Amino acid sequence: MARRPLPRILSSSAPLVRSREIARTATDSAADVLHPLITISRGLRLIAAALHARWAASPKERRGPALFLTAAVILVVALIPYGPLLALITVMGAAGWKGRVRPAVKTGPDEAELARLQALYEALVPYFSVPEDPDPLYSHGGEWETAFSEFAFDDDGRLTRLQVRYPAYFTDSEADARARIEQLLHTKSGRGREYHFAWDEEGNQLVMSVLDALPTTIAAQRFVTSPGETVLGFTDSDAVQRTVPVTAGEESHDAPPVIWRTGPRSTEPHLLVVGQPGAGTTTLLRSIALQVLQQGDLLIVEGSGTGEYACLAGRSGVLAVECGLAGALATLEWAAHETERRLIAANRARQAGHPAPEDTKRPLWILLDRPSALGDLAAADGRIDPQHLLQIPLRHGRAAGVTVVVAEQFDTLDDLSEPVRSHTRARVVLGPASPGQVESVLGVPPHTTPTPDVPPGRGYARLGTGPVLRLQVPATPDPYDDATTEAHRQAVLDLLPAREAAVEAVPAEG
């Protein structure tokens, strides 16, 4: 007996496909028609949930007055003309606004960002893996999710933050090993930006983040500081624990300053500023001069002879502005004798049980710009190097109230004398510089990747053995320069002291 075949339920898939299309079309049409009702229903549900949570969180003694107030409001609305209709419209409007569909929020990386993360992971494999590791965290063809615990991208698809896990056997205590990783991440994440690297040796983690550019809109002005404090510039908000009010253009806000403290209790009584030509070293010295003239006297020796400090000549508190070799030697010789005189006078007063004389308490500042140029002139003329006359102010300046600030360029940095190098413990590097150049001046490498193009006055500062801070010097241009903007010129002119009727020359001895 022949077996009957099983009946075929569907002889073709075309009706099924057609049915799905009809159902999808009907669903889309219904959603379009009922969209307002769905939105209002969703909003009413959210409003009801919020009211229920508010009611549950309110204390019991407040529920009675709340019910009474609600009933009173409902009664008033019911009695006024068109009150119920207006209340209904208001509730429906609030429900529609509450139930609107928000735009979708991006919760993960796209394909291009995934490819960038995988490429970065592969690039780190040779540095974070060894053949003896039985379960390597980094391996060719591995998954980047196990190594990158946190990441963020900007609108251009470039990394702005990355948290990297690395194996415990990586030599993160060696500066060269860390520098190789930082250089790799800097190259693979995109050049032209400044990256900050935070190493957590205990947790075997590295956090790379992109730093925002420091503002260049802050010009010379009166800063709120205590006696003995000088604002070198401004840095990142999380780098210091203090802010000062500043004015940038027509707006005022608080900015985090880099404060350099001088005086008898200062551990860094003298400053060395190094930079490339046009980096802003002279701007920093002008900014310091305008600040110290509020409470001290000033001697300026300019080795370049370009007249960058002509605006200070003849001003109250400015003892001398010298550009030539003879005047510089006479001024620095007088400063050395003045330092000795202050030390002797203070010592005699102390032995007699009296306070220090008033003429030894007023701070004396010596600003020396490009001393190497004067040293070359002195050597050609067979005279003493002006830096030799700085030994006494550098060694005993803290006790005598004398502060020395020296500015030099990278190409003549080796011409600085040993006393200048050893006694200037506060250091500033301005302008474009390689990590090696920054380390040669500050003693430690920078914690960020220096960018090749920086505005004038941009660099790093380190006070003694403290951390390396990013620095932006306030705009303090020469007011007599034709290229200076009117706003900056007027800002500097407003800070200059009045001119003296007769300026006495600094006495020269010998």
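1. The crossing of helices α7 and α9 is left-handed. The axes of α7 and α9 (residues 391-400) come within 9 Å, and the angle at which they cross is roughly 35°. On the α7 side the contact is made by Ala335, Ala336, Thr339, Glu340, Arg342 and Leu343, which meet Ile392, Pro393, His396, Ala399 and Ala400 of α9. Sorted by class, this contact has 7 nonpolar, 2 polar and 2 charged residues. The reader should keep in mind that the model is predicted.

2. A word on the chain as a whole. There are 510 residues, and buried residues make up 41% of them. The secondary structure comes to 12 helices and 16 strands. Of the contacts with a separation of 6 or more, 64% are between residues 24 or more positions apart.

3. A second helix pair can be set beside the one in point 1. Two packed helices are described by the angle between their axes and the distance between the axes. Helix α4 (residues 111-124) packs with helix α5 (residues 175-189) at an angle of about 155°, and their axes are 11 Å apart. Angles over 145 degrees count as roughly antiparallel, and α4 and α5 are therefore roughly antiparallel to each other. Their crossing is right-handed.

4. Which residues of α4 and α5 meet? From α4 they are Arg116, Leu120, Ala123 and Leu124, and from α5 they are Ile181, Leu184, Leu185, Lys188 and Ser189. By class, the contact of α4 with α5 has 6 nonpolar, 1 polar and 2 charged residues.

5. Helix α6 covers residues 281-292, and its length can be checked. At 1.5 Å a residue, its 12 residues should span 16 Å; the C-alpha atoms at its ends are 17 Å apart, which agrees. The expected figure uses one less than the number of residues.

6. Is α6 mostly covered or mostly open? Helix α6 is mostly covered, with 12 of its 12 residues buried. Charged and polar side chains are on the list as well as nonpolar ones: Arg286, Thr281, Ser287 and Gln291 are buried, as are Leu284, Leu285, Ile288 and Val292, among others.

7. Thr282 is one residue of α6 that can be looked at singly. Its relative accessibility is 17%, so Thr282 counts as buried, the cut-off being under 20%. Leaving out residues up to four places away in sequence, Thr282 touches Glu308, Tyr309 and Asp369.

8. Glu338 lies in helix α7, the helix of point 1. Is Glu338 buried or exposed? With a relative accessible area of 11%, Glu338 is buried. Among residues more than four places away in sequence, Glu338 touches Asp359 and Leu364.

9. Helix α8 (residues 371-381) has Pro371, Ser372, Ala373, Leu374, Gly375 and Ala378 as its buried residues. What do these residues pack against? Their partners are the strands β10 (297-302), β12 (364-369) and β13 (402-409), together with helix α7 (325-351).

10. Both sides of α8 deserve a look at the backbone. Arg370, in the loop between β12 and α8, has a positive phi of about 60° although it is not a glycine. Arg370 is also buried, its relative accessible area being 19%. Just after α8, Gly382 takes a positive phi of about 70°.

11. Another non-glycine residue with a positive phi is Asn204, where the value is near 55°. Where is Asn204 found? Asn204 is in the loop between β3 (195-200) and β4 (205-210).

12. The last point concerns Gly436, which is placed in helix α11 (residues 435-442). Gly436 is partly exposed, with a relative accessible area of 47%. In sequence, Gly436 and Pro446 are 10 residues apart, and their C-alpha atoms are 9.1 Å apart in space.

Methods:
Residues are numbered from 1 along each chain as its sequence is written. This is a predicted model: local features need pLDDT of at least 70, side-chain atom pairs count only at pLDDT 80 or more; totals for chains, interfaces and linings use all residues. Side-chain values use heavy atoms; hydrogens and water are left out. Helices (H or I, at least four residues) and strands (E, at least two) are DSSP runs, numbered from the N terminus. Buried means under 20% relative accessible area, exposed over 50%, partly exposed in between (1.4 Å probe, protein chains only). Axes are lines fitted to C-alpha atoms, for helices over the stretch in contact, and angles run from 0 to 180 degrees between N-to-C directions. Angles under 35 degrees count as roughly parallel, over 145 as roughly antiparallel, 65 to 115 as roughly perpendicular and the rest as oblique. A crossing is left-handed if the near helix is turned anticlockwise from the far one by less than a right angle, and right-handed if clockwise. Contact means heavy atoms within 4.5 Å.
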